[in-house]
Amino acid sequence: MSLTSIYLRNLSQIFLFYSEKSFLGKLHPLTKAVLMFAGIAIAFLCNKLVVLLLTLATFLSMALLSISVKRVASLITSLMIFISPMILFSYIYSIFRSPSTTSLIGLSASVATAIVRLLIMSLAFYIFFITTKPQSIARILNSIGIPYKYGHGFVIALRFLSVIASDLIEILHIQKTRGLFIRRNFLSRLRSSFAVFVPLIISALNRVDEVTIALEVKGFGLNSKRSYLYSEVFGFRDAIAVLLCLAGLAIAIRFCI
Amino acid sequence: MLALFKSRSSEDSCDPVARVDDLWFRYGEEYVLKGISLQIRKRELVLVLGPNGSGKSTFLKVLAGILKPVRGYASLCGRDITSLSDADLARLVGYVHQNPWLYMFNSKVFDEISFVARNLGIDNSTITKNVLDIATKLDIIDLLDRSPFSLSEGEARRVVLASALIHKPPLLLLDEPTAGLDYGLKKRFIDIINKINNLLETAIVIATHDTDIITMLPKAKLLILNEGRIVFRGSIEDVLDNPSIFTKNNLVMPTEVELAQRLGIRWDRATDLDDLLLELDRLRKTLCR
């Protein structure tokens, strides 16, 4: 499998629900949402590398305890592949602008902070999406006042990413067997991107059409309100977890600001 | 251009077209191909049957050079698949995926069919000649000026087949070619495959779970794949001597064969669906009396 396929496959798995068996899976979706926003808030507000590293260690431990090591490793690898050109470009730019040791040390510290922040945010999102059922996400969005049509639309869009990524991998395979990637000049290679994106767009539109029909025949969106057969109970365990999240956020902010 | 002719002449004489020895492949930790060995000769028609998840499509992808085997050896025209360039793979293999719409992007069917040949740098006059030739053979000559997006499912499949055959590759791989087609379209498509097999030197490998096409491909060499292993290899007659092989491997018995069996007739190549229907009609009349 090519690097592109592995990369696309890894990224496409990010928003897929994985398992309920872990301790995070048993928590109320709202608790996990608080955990996610706490992580994002610390990543955004905090500048101290030590605090960020401690937060990263916490999220990484939670991810490793509730999700398989392989999945977490593939997420981190994909992210690193994605940001590595940007890091390289920052170093090249810095060397050309002011080629001194001090600026390189400063740049390295900034790059390290940026990587840690990105990892915290990615793991926070990952933990939430992979351990929460899609219908629970839609229910939370509905409970905070977002019309269920848009909540479900959001969830379907997230689920769609993995389907589109699978189609993209198939199209890349197909067009490879048709000689699309035989080395030629830049212009013809640019033109050949149509061979990938036109079938991808058409396939996505066909799927959207099918989903729309499936939703319409089930009466989706006929009423502004809807009832739910299942709902999670916000228990004592959730209350403790929310308090711990808020306490962690408060401590991080206290040390950073 | 000279290089292309040189390589073509060496491919023309390539036999066996493909060879795999103790081939293993896995997705993550799970092995989906376990020790597959096979040799495919020129003009040979190989039917790979197996239930969903048996490893058929993965096997075709390895033969097409899309996936690299984790263990074992696979070669095309005597050359190790892993050492072949994208251009070599495109020249040696025609790959037809079950979803024809993942191919289409040109504004005309003619351009869609000629796409591979253009990527391989074949000159315009040869391309035009080849397109007209293959379009005549596949009965799609009337479609050449149409938009690919206006085609029916059956037409789109024939266009994709033409596109895979335009440069006369030594090996043609068809992944679930009859998926979603009704009996009439299925029969028509398989008739085309038989026609290609008679007219061209191309070896054809068909991967499918559709057992109904067995009776439409009398010359095919049959392989049954289950859980990544070849569990049966032989001719259609061989499998019909032991029809329980279908149910043992989560496959449905071909309708014609089951019908013949229930009517107390042994199905063979000479048995036609019309013969079975006549027998059914005779039975119905007897019962009505």
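Trainee: In strand S5(B), which residue is the bridge partner of B:Ser75?

Mentor: The partner is B:Asp80. Keep in mind that this is a predicted model. As a general idea, strands of a sheet pair through backbone hydrogen bonds, either parallel or antiparallel. Here strand S4 of chain B, residues 71-76, and S5(B) pair in the antiparallel sense, over two bridges.

Trainee: In what order do the strands of this open sheet of chain B stand?

Mentor: Four strands form the open sheet, in the order S2-S1-S4-S5, and the pairing is antiparallel. Strand S2 (30-40) and strand S5 (79-80) of chain B stand at the edges. Each of these two has a single partner strand, so one side of each is left without a neighbour in the sheet.

Trainee: In which sense do S6(B) and S7(B) pair, parallel or antiparallel?

Mentor: S6(B) and strand S7 of chain B, residues 171-175, pair in the parallel sense over four bridges. One pair to find in the viewer is B:Val96 with its bridge partner in S7(B), B:Leu174.

Trainee: Which way do the residues of strand S6 of chain B point?

Mentor: In a regular strand the side chains alternate between the two faces of the sheet. In S6(B), residues 93-96, B:Val93 and B:Tyr95 point one way, while B:Gly94 and B:Val96 point the other way. All of them are buried.

Trainee: Why does B:Ala203 count as buried?

Mentor: Count the C-beta atoms around the residue; 20 or more others within 10 Å make it buried. B:Ala203 counts as buried because it has 23 C-beta neighbours inside 10 Å. B:Ala203 is found in strand S8 of chain B, residues 203-208. Leaving out residues up to four places away in sequence, B:Ala203 touches several others, among them B:Val17, B:Ile40, B:Arg43 and B:Pro170. B:Ala203 also shows how folding brings distant parts of a sequence into one region: B:Gln39 is 164 residues apart from B:Ala203 in sequence, and the two are 11 Å apart in space, C-alpha to C-alpha.

Trainee: How many residues of helix H2 of chain B are buried?

Mentor: Eight of the eight residues of H2(B), 56-63, are buried, and the helix is described as mostly covered. The buried residues include B:Lys56 and B:Lys61 as well as B:Phe59 and B:Leu60. H2(B) is followed by B:Gly65, whose phi is positive, near 80 degrees.

Trainee: Which residue other than glycine has a positive phi near 70 degrees?

Mentor: That is B:Arg43. B:Arg43 lies in the loop between S2 and strand S3 (45-49) of chain B. With 16 other C-beta atoms within 10 Å, B:Arg43 is partly exposed. B:Asp22 is another case: its phi is positive, about 45 degrees, although it is not a glycine. B:Asp22 has its place in strand S1 of chain B, residues 18-27. B:Asp22 is exposed, with 12 other C-beta atoms within 10 Å.

Trainee: How is chain B divided into domains?

Mentor: Chain B has domain 1 (2-253) and domain 2 (254-289). Their centres, taken over C-alpha atoms, are separated by 32 Å. Eight residues from domain 1 of chain B and eight residues from domain 2 of chain B make the contact. On the domain 1 side, the residues divide into five nonpolar, two polar and one charged.

Trainee: How many helices and strands does chain A have?

Mentor: Chain A has ten helices and zero strands. Of its 257 residues, 26% count as buried. The domain assignment gives domain 1 (1-132 + 231-257) and domain 2 (148-223) of chain A. Domain 1 of chain A is thus written as two stretches of sequence. The centres of the two domains of chain A are separated by 28 Å, taken over C-alpha atoms.

Trainee: Where in helix H4 of chain A does the kink lie?

Mentor: The kink, of about 40 degrees, lies at A:Ile83, shortly before the proline A:Pro85. To judge the length of a helix, compare its span with the one expected at 1.5 Å a residue. H4(A), residues 69-97, has 29 residues and reaches 40 Å from its first C-alpha to its last, close to the expected 42 Å.

Trainee: How many residues of chain A are in contact with chain B?

Mentor: 19 residues of chain A are in contact with 20 residues of chain B. On the chain A side, helix H7 (148-177) and helix H9 (194-217) are the elements that give two or more residues. H7(A) gives the largest share, seven residues. The chain A side divides into eleven nonpolar, four polar and four charged residues.

Technical notes:
Residues numbered from 1 in each chain as written. Chains lettered and ligands numbered in written order. Contact = placed C-beta atoms within 7 Å. Nonpolar A, V, L, I, M, F, W, Y, C, P; charged D, E, K, R; others polar. Expected span 1.5 Å × (residues − 1). Bend = angle between axes of the 7 residues up to and from the residue. Pairing = 2+ DSSP bridges. Domains from an automatic or database assignment.
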